[in-house]
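Got your viewer open? Load the model, set it to a cartoon view and keep the selection box handy.

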Amino acid sequence: MSSSPVKLGILGTGNIANAFAEGLTHAANIELVAVASRTQAAAIAFAQKHDVAKKYSTYADLAADPEIELVYLATPHVRHRDDSVMCLQAGKGVLCEKPFSINAKEAKEVIDLARERNVFLMEAMWTRFLPSFVKLREMLVNGVIGDVQLILAGGAFQPDCDPDYYLLRPELGGGVLLDAGVYPVSVASMVLGAPTQIKACGTVGEHNVDDQDAILLQHDGGATAILYVSMKASASPDITLLGSRGRIYVHAPMFAPAKIHLQVYGENVQEFELPFEGNGYHYQAIAAAQAIRNGDTESSVMPLEETLTIMQTLDCVRDQVGMLYPMEK
Ligand SMILES: NC(=O)c1ccc[n+]([C@@H]2O[C@H](COP(=O)([O-])OP(=O)(O)OC[C@H]3O[C@@H](n4cnc5c(N)ncnc54)[C@H](OP(=O)(O)O)[C@@H]3O)[C@@H](O)[C@H]2O)c1
């Protein structure tokens, strides 16, 4: 088995592509060898900035490069299905930004293809790979707060972005649920598994995308998650887990926390400082590269079946909120 760094290519040259490339300077098991943009100028500028040897002016050219083993998809949600399919068909492993797709139907199509081709595929839910989330899972596995009965998680922000940015454009899969609501939904899924009941209400705003969602998830045994996300107000995104023996507070921001408070009922609060290196985007990439070198086709931390369940939950919420995308009509 090879121990050489996994050769990685990036599709897209926007915000997260740049942050991810910066993060990769902390990933010894990955070599960033190529970038692809829809325009030559953007590919060249990105390659210069991040010292990338190959720059392609079509995504298909990068997917066809025989040197590349893993492709990180940093394109808008609406492209995730087609970009994943193109890379998987070319035999490349795929690390796909969140949300994994627009809906569960697309997610299933991509997952089925990866399984058929026996190729690595993972949703880039980077938060799960940070030291704080590793610690959180360790606490839960060890039952330090007993059985989790309630999850309270959410956040609100008022975006100051160009109306051309994907967040405000329904044809690009915009809206606050798929962009930010996926984080609390993913937390509830990681802690409690698939919900048995989903109730939601929300609003679709002036840009014809959902701008606020409130979600109630019920699980086997009665555990409940109360989740919210909004781009009409402002509140730090955080997580509280209430268990039968204690509670855990995960400090904001919930997508990149660095501090956890644990209180076993009747005892003093314990504080855990859990900083991450750099910008934190490399932990997921290191795990994906390790999986590829181990010959695994998926991650045990972010399994494909769970990604599919999360997309099903998001579908159900959108259905109740009345947020249907143009390509779904
Ligand atoms: N994990 C995180 O923390 C995090 C943070 C932000 C975003 N994301 C996810 O990453 C994805 C990209 O977000 P972003 O903030 O990086 O967006 P962005 O700045 O708009 O970048 C997206 C890139 O995708 C490419 N692209 C392809 N088709 C496009 C189209 N029709 N319109 C616009 N761009 C198109 C463009 O690159 P070229 O012009 O070079 O082709 C563009 O620069 C989204 O799915 C988002 O949910 C994740």
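Here is a short tour, one selection at a time. Keep in mind that this is a predicted model.

**Stop 1: the two domains**

Colour residues 6–125 + 281–298 in one shade for domain 1, then 128–278 + 311–328 in another for domain 2. Their centres, taken over C-alpha atoms, are 25 Å apart. Where they touch, domain 1 puts in 19 residues and domain 2 puts in 19 residues.

Now stay on the domain 1 side of that contact. Which elements give two or more residues here? Select α4 (77–89), α5 (104–117) and α8 (282–294) to see them. Of these, α8 brings the largest share, with 4 residues. As for the character of this side of domain 1, it splits into 10 nonpolar, 8 polar and 1 charged.

**Stop 2: a pair of helices**

Next, select residues 176–192, which are helix α7, and residues 304–321, which are helix α9. Packed helices like these are worth viewing with two things in mind: the angle between the axes and the distance between the axes. For α7 and α9, the angle is about 125° and the axes lie 10 Å apart. Angles over 145 would count as roughly antiparallel and 65 to 115 as roughly perpendicular, so α7 is oblique to α9. The crossing of α7 past α9 is right-handed.

Turn on side chains to see who meets whom. From α7, pick Leu177, Leu178, Val182, Val185, Ser186 and Ser189. From α9, their counterparts are Glu306, Thr309, Ile310, Thr313, Leu314, Val317 and Arg318. Sorted by type, the residues in this contact of α7 with α9 come to 7 nonpolar, 4 polar and 2 charged.

**Stop 3: three strands and two hairpins**

Move on to strand β8 (residues 197–204) and strand β9 (residues 210–218). How do they run? They are antiparallel, joined by 8 bridges. To find one bridge pair, click threonine 203 and then its partner in β9, glutamine 212. The hairpin of β8 and β9 has 5 residues between the strands, and asparagine 208 in this hairpin has a positive phi near 65°.

Keep β9 selected and add strand β10 (residues 224–230). This pairing is antiparallel too, over 7 bridges. Here, alanine 214 has tyrosine 228 in β10 as its bridge partner. Finish at the hairpin of β9 and β10, with 5 residues between the strands, and look for glycine 221, whose phi is positive and near 90°.

How values were computed: Residues numbered from 1 in each chain as written. Predicted model: local features only at pLDDT ≥ 70, side-chain atom pairs only at ≥ 80, totals over all residues. Axes fitted to C-alpha atoms, helices over the stretch in contact; angles between N-to-C directions. Parallel < 35°, antiparallel > 145°, perpendicular 65-115°, else oblique. Left-handed = near helix turned anticlockwise from the far one by under 90°. Contact = placed C-beta atoms within 7 Å. Nonpolar A, V, L, I, M, F, W, Y, C, P; charged D, E, K, R; others polar. Pairing = 2+ DSSP bridges. Domains from an automatic or database assignment.
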